[in-house]
Amino acid sequence: MTKRLILMLVACVLVFGGIFAYKAVGNHFMNQFFDNMPAPTATVTATTVSTHPWREQQTTIGSFAAINETQLTTEANGIVRDILFDNAAPVKKGQLLLTLDASVDQAELRRLESVAELAQLELRRYQRLYRDKNVSESELKRKESEAKQANAAVDSQQARIAQKSLTAPFDGIIGIRKVSLGQLIAPGSVVATLTSVDPIHLDFTLPEQQLSTLRDGQTVSATITAQPDKTFTGTVTAISPVVTKSSRSVNIQATFDNPDAILRSGMFARVSLDQGEETQNVLLAPQTAIQFNPYGNAVFVIQEQDDALTVQQRFVQTSDRRGDMIVIEDGLESGDRIVTSGLLKLRNGSKVKISDNQRVQPSENLDPNVVNQ
């Protein structure tokens, strides 16, 4: 019995030992094959680092706002008699826009004018009598008061009639009317919105850290989605004296000339604020070429080795960004060739092939315009 047990154990050891030995030898040769297998050549895009003129800019977003914008309302109630403007038409200051029916008020005005005329006749008669010592001074004063009251009543009625007419308070473009002929409207009813268009304000904010670089008259550039290929230029005209506590930002207002009324109140704008003079010898690289890591930013520099192109990772120090480009402070020199796409499949010493397909070449624009598809 003991001999059989020993034979069985020896057989198990031989069988399982053979299996494990076969597996170990196979893994050894497999690992040796993969370790010695040449790495495939990666296809990438590349660019040459060069120097460009650079002006420090602060970018943000903002909204255009009209210098004057108001909802035109009536001061009196009445029935709309005349509408004297077209929808979305330019109007001038003082232009008559709307009138209400004032026939009853006109009749009352004529009555009050007659009363005032009679009071003036009585006053002149009492003045002659006073010169002849036929009436007392108090009687003359009473007639003077009656004449003034009559004239004041005329002025009050004329003002009441004027409230039945609506005029433009400033030059601008009127909106779509909200009343119709024959409509009975109450005091305060909105007739239309009047908006001034030239010039126009641009409101935006910047962090409080930028306060030291802000000044009145500073040049501001803005682009809008309605015309992405056009840049509008204005100047800073107001800087808020307080900083918003919740956001630690300061409100800024710039003024833009707008003779063609292209810029409209409420439009979204991308804002660029110049903050210095142009400087030379600033190295620029596409942002797609940078590997942004917690331990430092890096690029892959292309080198020629044994008639082949290889890459070597190099850490760089970056600063300002604008558009597709980023400033390289340290780590590269002008003329260095770096990889701009395909970074995830690279490591030190990897062989690369540079693609000549321009359609896959990343953009290198300082002021890109993204077109909605």
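User: Why is arginine 248 called partly exposed?

Analyst: Arginine 248 has a relative accessible area of 47%. Buried means under 20%, exposed over 50%, and partly exposed in between, with a 1.4 Å probe and protein chains only, so at 47% arginine 248 is partly exposed. The model is predicted: local features need pLDDT of at least 70, side-chain atom pairs count only at pLDDT 80 or more, and totals for chains, interfaces and linings use all residues. Residues are numbered from 1 along each chain as its sequence is written, and side-chain values use heavy atoms, with hydrogens and water left out.

User: What makes the backbone at arginine 248 notable, and where is this residue found?

Analyst: Arginine 248 has a positive phi of about 55° although it is not a glycine. This residue is found in the loop between β14 and β15; helices (H or I, at least four residues) and strands (E, at least two) are DSSP runs, numbered from the N terminus. Alanine 261 also has a positive phi, of about 55°, without being a glycine, and lies in the loop between β15 and β16 (268-274). Alanine 261 is classed as buried because its relative accessible area is 15%.

User: What makes β14 and β15 paired strands?

Analyst: Two strands pair if DSSP finds at least two bridges between them. Strand β14 (residues 227-244) and β15 have six bridges in the antiparallel sense, and so they meet the criterion for pairing. Within this pair, alanine 238 stands opposite glutamine 253 of β15. The two strands form a hairpin with four residues between them.

User: Which strand is joined to β15 by eight bridges, and which residue is the partner of proline 207?

Analyst: Strand β12 (residues 200-207) is joined by eight bridges to β15 (residues 249-256), and the two run antiparallel. Proline 207 has serine 249 of β15 as its bridge partner. In the loop between β11 (190-195) and β12 lies proline 199, which a cis peptide bond joins to aspartate 198, with omega about 0°.

User: What makes β8 and β10 edge strands?

Analyst: The order of the open sheet of four strands is β8-β7-β5-β10, with antiparallel pairing. β8 and β10 (184-185) each pair on one side only, and these are the edge strands. Strand β7 (residues 96-100) is joined to β8 by three bridges, with leucine 98 facing its bridge partner, leucine 166 of β8.

User: How do you know that the reach of α3 is close to the expected value?

Analyst: Helix α3 (residues 137-162) has 26 residues and reaches 37 Å from its first C-alpha to its last, against an expected 38 Å. The expected span is 1.5 Å times one less than the number of residues. The buried residues of α3 include Leu140, Ala147 and Val154. The buried residues of this helix pack against α2 (103-131) and β8 (165-167), contact meaning heavy atoms within 4.5 Å.

User: Why is the pair of lysine 164 and aspartate 105 called a salt bridge?

Analyst: A salt bridge is a side-chain nitrogen of Lys or Arg within 4 Å of a carboxyl oxygen of Asp or Glu. In this pair the closest N and O atoms are 2.8 Å apart, and so the pair satisfies the criterion. Lysine 164 lies in the loop between α3 and β8 and aspartate 105 in helix α2, so the pair ties together parts that are 59 residues apart in sequence. Lysine 164, at 10% relative accessibility, counts as buried, as does aspartate 105, at 14%.

User: What makes Glu122, Arg125, Lys143 and Glu146 a group?

Analyst: These four residues, Glu122, Arg125, Lys143 and Glu146, are linked in a network of salt bridges. Lysine 143 forms one with glutamate 122, with closest N and O atoms 3.8 Å apart; lysine 143 is in helix α3 and glutamate 122 in helix α2, 21 residues apart. Glutamate 146 forms another with lysine 143, at 3.5 Å, and both lie in α3, three residues apart, about one turn of the helix. Lysine 143 counts as buried at 15% relative accessibility, whereas glutamate 122 is partly exposed at 26% and glutamate 146 is partly exposed at 37%. The structure holds eight salt bridges.
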